[in-house]
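Colleague: I am new to this protein and would like to go through it with you. Could we put the sequence and the structure in front of us before I begin asking?

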Amino acid sequence: MSYSAELPHDLWVQYIEDVLDGKQAVGSYVYKTVERSLDEIAEQENPDFEWVFDVDEAEKYIRFIQKYTIHTRGAWAGKPFELSPWQQYFISQIFGWKHKEKGYRRYRTAYLFVARKSGKTQLAAAIAAAA
């Protein structure tokens, strides 16, 4: 499957739907994270909630990574880094949340726990390049 750098929104939103519908197998912590992010998106309508999810900002980082970063090692070396849906979701949560009034990002630190050989180093390098 080829992921389009033009419309990343579709993939990470589909990932959320697949997790909640049980089509995407995930652990309980990931499931709770997805639920919490949807609850907080609904909560942003509350005037007392100080955070807002900026879809355009999240997608800006996803597009940058898919357009300007490449794989550096192995069989994929030299090929564009096409983010999988879970990677797009992870990036959208890091960069999409902003303070309503001041505009600074909600998250400064993110932890990613995935199995070995899952592209953690490549993803971290791409995030660092985009940030």
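Colleague: Which side chain does the side chain of Ser37 join in a polar contact, and at what distance?

Modeller: This is a predicted model, and in it Ser37 has its place in helix α2, which covers residues 28-43. Leaving aside its neighbours within four places in sequence, Ser37 is in contact with Tyr89, Gln93 and Trp97. Among these residues, the partner whose side chain is joined to that of Ser37 by a polar contact is Tyr89, at 3.0 Å.

Colleague: Does Ser37 count as buried or exposed, and what is its relative accessibility?

Modeller: A residue counts as buried when its relative accessible area is under 20%, and as exposed when that area is over 50%. Ser37 falls under the lower of these cut-offs and therefore counts as buried, with a relative accessibility of 2%.

Colleague: How confident is the prediction over the protein, and which element has the highest mean pLDDT?

Modeller: The protein averages a pLDDT of 88, and 93% of the residues score at least 70. Over residues 1-8, however, pLDDT stays under 50, and for this stretch the model has 16 contacts beyond four places in sequence. Among the elements, helix α1 (residues 9-21) has the lowest mean pLDDT, at 87, while the highest, at 96, belongs to strand β2 (residues 97-99).

Colleague: Staying with strand β2, where His99 has its place, which residue has its backbone nitrogen 3.2 Å from a polar atom of the His99 side chain?

Modeller: His99 has a relative accessible area of 7%, and so it is buried. Once its neighbours within four places in sequence are left aside, His99 is in contact with Glu50, Trp51 and Tyr104. The backbone nitrogen that lies 3.2 Å from a polar atom of the His99 side chain is that of Glu101.

Colleague: Does Glu101 itself count as buried or exposed, and how far is it from Trp51 in space, C-alpha to C-alpha?

Modeller: Glu101 has its place in the loop between β2 and α5. Its relative accessibility is 73%, so Glu101 counts as exposed. Glu101 and Trp51 are 50 residues apart in sequence, and from C-alpha to C-alpha their distance in space is 8.5 Å.

Colleague: Which residue has a positive phi although it is not a glycine, and what is the value?

Modeller: The residue lies in the loop between β2 and α5, and its name is Lys117. At 76% relative accessibility, Lys117 counts as exposed. Although Lys117 is not a glycine, its phi is positive, at about 65°.

Colleague: How do helix α3 and helix α4 pack, and what word describes the angle between them?

Modeller: Helix α3 (residues 55-68) and helix α4 (residues 85-96) have axes 8 Å apart and pack at an angle of about 130°. Because of that angle, the arrangement of α3 relative to α4 is oblique.

Colleague: Which residues of α3 and α4 meet, and what is the hand of the crossing?

Modeller: From α3, the residues are Glu57, Ala58, Tyr61, Ile62, Ile65 and Gln66, and they meet Gln88, Ile91, Ser92, Phe95 and Gly96 in α4. As for its hand, the crossing of α3 and α4 is right-handed.

Colleague: What are the hand and the rough angle of the crossing between α3 and α5?

Modeller: Tyr61, Phe64 and Ile65 in α3 meet Ala126, Ile127, Ala129 and Ala130 in α5. The crossing in which α3 passes α5 is right-handed. The axes of α3 and helix α5 (residues 120-130) come within 9 Å, and they cross at roughly 115°.

Colleague: Which backbone oxygen does the side chain of Thr69 reach, and at what distance?

Modeller: Thr69 lies in the loop between α3 and α4, and with a relative accessible area of 10% it is therefore buried. Beyond its neighbours within four places in sequence, Thr69 is in contact with Phe64, Pro80, Phe81, Ala126 and Ala129. The backbone oxygen that the Thr69 side chain reaches belongs to Ile65, at 2.4 Å.

Colleague: How far apart in space are Thr69 and Glu50, C-alpha to C-alpha?

Modeller: Glu50 is among the residues in contact with His99, whereas Thr69 has its place in the loop between α3 and α4. In sequence, Thr69 and Glu50 are 19 residues apart, while in space, C-alpha to C-alpha, the distance is 33 Å.

Key:
Residues are numbered from 1 along each chain as its sequence is written. This is a predicted model: local features need pLDDT of at least 70, side-chain atom pairs count only at pLDDT 80 or more; totals for chains, interfaces and linings use all residues. Side-chain values use heavy atoms; hydrogens and water are left out. pLDDT is the predictor's confidence in each residue, from 0 to 100. Helices (H or I, at least four residues) and strands (E, at least two) are DSSP runs, numbered from the N terminus. Contact means heavy atoms within 4.5 Å. Buried means under 20% relative accessible area, exposed over 50%, partly exposed in between (1.4 Å probe, protein chains only). A polar contact is a pair of N or O atoms within 3.5 Å; within protein, one must be able to donate a hydrogen and the other to accept it, and residues adjacent in sequence count only if both atoms are side-chain atoms. Axes are lines fitted to C-alpha atoms, for helices over the stretch in contact, and angles run from 0 to 180 degrees between N-to-C directions. Angles under 35 degrees count as roughly parallel, over 145 as roughly antiparallel, 65 to 115 as roughly perpendicular and the rest as oblique. A crossing is left-handed if the near helix is turned anticlockwise from the far one by less than a right angle, and right-handed if clockwise.
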